[in-house]
Amino acid sequence: MPERRRAYLDWNATARVRPEVVAAMVEAMAVPGNPSSIHREGRAARSLVEAARRRLAERLAVASDRLIFTSGGTEANHLALLGFPGPRLVSTIEHPSVLAADSEAARVPVDVEGRLDLAAFARLLAERRPAIASVMLANNETGVIQPVVEAGQLAHAVGCLLHVDAVQAFGKLPFTLPDLGADLLTVSAHKLGGPPGVGALVLREGLDPIPLQRGGGQEQRRRAGTENLPGIVGFAAASGIETDWHRIRALRDRLEAGARAVRPDAVVAGAAADRLPNTTCLLTPGLDASTQLMALDLAGVAVSSGSACFSGKVGPSHVLAAMGIPPERARCAIRISLGWATEDADIDLFLAAYAALPHRRGVTET
Ligand code: PLP
């Protein structure tokens, strides 16, 4: 019997790998050399790594030596924050990999739509005199786009570096490092159709972090460890493929309108802010996220609750809490995220499954 259609709507957790990426990676895996070896095989591997570096660096408008390959967004965020000693400032809605890099960092609040509070940011810059501030470009749970250009201007006025975690935005929004006015930028391959386990920290001219891991001299002694050749090749291949985000935005808008038609009390978090074209954080009062997740999964729909890294455990979202959403409402939030292979049929399947969810179960509304 053919398997029933499933709608994968959890692209912010990880995107489906592009077939072209798989092909490029398979080819790279056939190269036997270590990029640090000086024989012909090693040189062939090195030239693949450097071609990928050039392609990604060009896309972000930096010189190739400004891009350090890492094992993903988490490591790049750690390298960015821990690589520059001194007091740090982060937004309250950063990914756990930023928050955990320095649990002592001062936290900047956001408004009810989930946008960085620039006045509070300016105040904390003046009070704390941080060496580095970290503000994400787009939030992974709500998709809300942050005012990083303004944040950079405020930070630079007091001699503070700005790091931007662009993991969710890369490939979904057009930008370069100079456009954002950022000093450091984190990107990760698996959110844009590349493989998991590879990312990069991009630095402006003249900046170099203190390495987190030492050993071999890879990445110009800034990050020891044999390069993930197939991953790096796949990352560059994924970055070169464009997605029609107008089409995805239209699908996302249809999903939101359809959900609110079924349940007029449902709310989209951050709806009044500029958001990524693919993300919806939907709060359905009276229905807790774990009930929704399980029922949707049984109906063939994959979504997540809150941050993907927590999708195994349904806990309260620090992002929604920072937006002032009370815990009993935040517990009713699911994240629906679309990507390059999402089709009308996926939205239809979601809407049918959502309409069939039980009314008011799991939590008591207050
Ligand atoms: N930053 C953001 C905003 C993310 O959404 C994620 C992953 O969900 C990360 C960082 C971590 O990236 P990686 O999974 O490549 O370690």
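This passage looks at the ligand and the cavities in a predicted model.

Start with the ligand. In all, 14 residues surround it, and the closest are Gly 73, Thr 74, Asp 165, Ser 188 and Lys 191. Sorted by class, this shell is made up of ten polar, two charged and two nonpolar residues. Helix α3, which covers residues 73-82, gives the most to the shell, putting in three residues.

Some of these neighbours make polar contacts with the ligand. At Gly 73 the backbone does the job: one of its polar atoms sits 2.8 Å from an oxygen atom of the ligand. With Asp 165 it is the side chain, where an N or O atom is 2.6 Å from a nitrogen atom of the ligand. Lys 191 also uses its side chain, with an N or O atom 2.6 Å from an oxygen atom of the ligand. As for cover, the ligand taken alone exposes 390 Å², and the protein buries 90% of that.

Next come the empty spaces. The structure has three cavities of 30 Å³ or more, and the largest cavity holds about 140 Å³ of space. Its lining consists of 19 residues, with Gly 171, Lys 191, Leu 192, Thr 243 and Trp 245 lying nearest the centre. Lys 191 thus turns up twice, as one of the closest residues to the ligand and as one of those nearest the centre of the largest cavity.

By class, the lining of the largest cavity splits into nine nonpolar, six polar and four charged residues. Both domain 1 (7-16 + 244-355) and domain 2 (19-239) chip in, each supplying at least three residues to that lining.

Terms used. Residues are numbered from 1 along each chain as its sequence is written. This is a predicted model: local features need pLDDT of at least 70, side-chain atom pairs count only at pLDDT 80 or more; totals for chains, interfaces and linings use all residues. Side-chain values use heavy atoms; hydrogens and water are left out. A residue is near a molecule or strand if one of its heavy atoms lies within 4 Å of it. A polar contact is a pair of N or O atoms within 3.5 Å; within protein, one must be able to donate a hydrogen and the other to accept it, and residues adjacent in sequence count only if both atoms are side-chain atoms. Accessible areas come from the Shrake-Rupley method with a 1.4 Å probe; for residues, only the protein chains shown count as cover. Helices (H or I, at least four residues) and strands (E, at least two) are DSSP runs, numbered from the N terminus. Ala, Val, Leu, Ile, Met, Phe, Trp, Tyr, Cys and Pro count as nonpolar, Asp, Glu, Lys and Arg as charged, and the others, Gly among them, as polar. On a 1 Å grid over the protein atoms alone, a cavity is a set of points where a 1.4 Å probe fits but cannot get out, and a pocket is an open set with protein on both sides within 12 Å along at least five of seven lines; lining residues have an atom within 4 Å of a point. Grid points are joined across faces, edges and corners, and a volume is the space filled by probe spheres set on the points. Domain bounds come from an automatic or database domain assignment.
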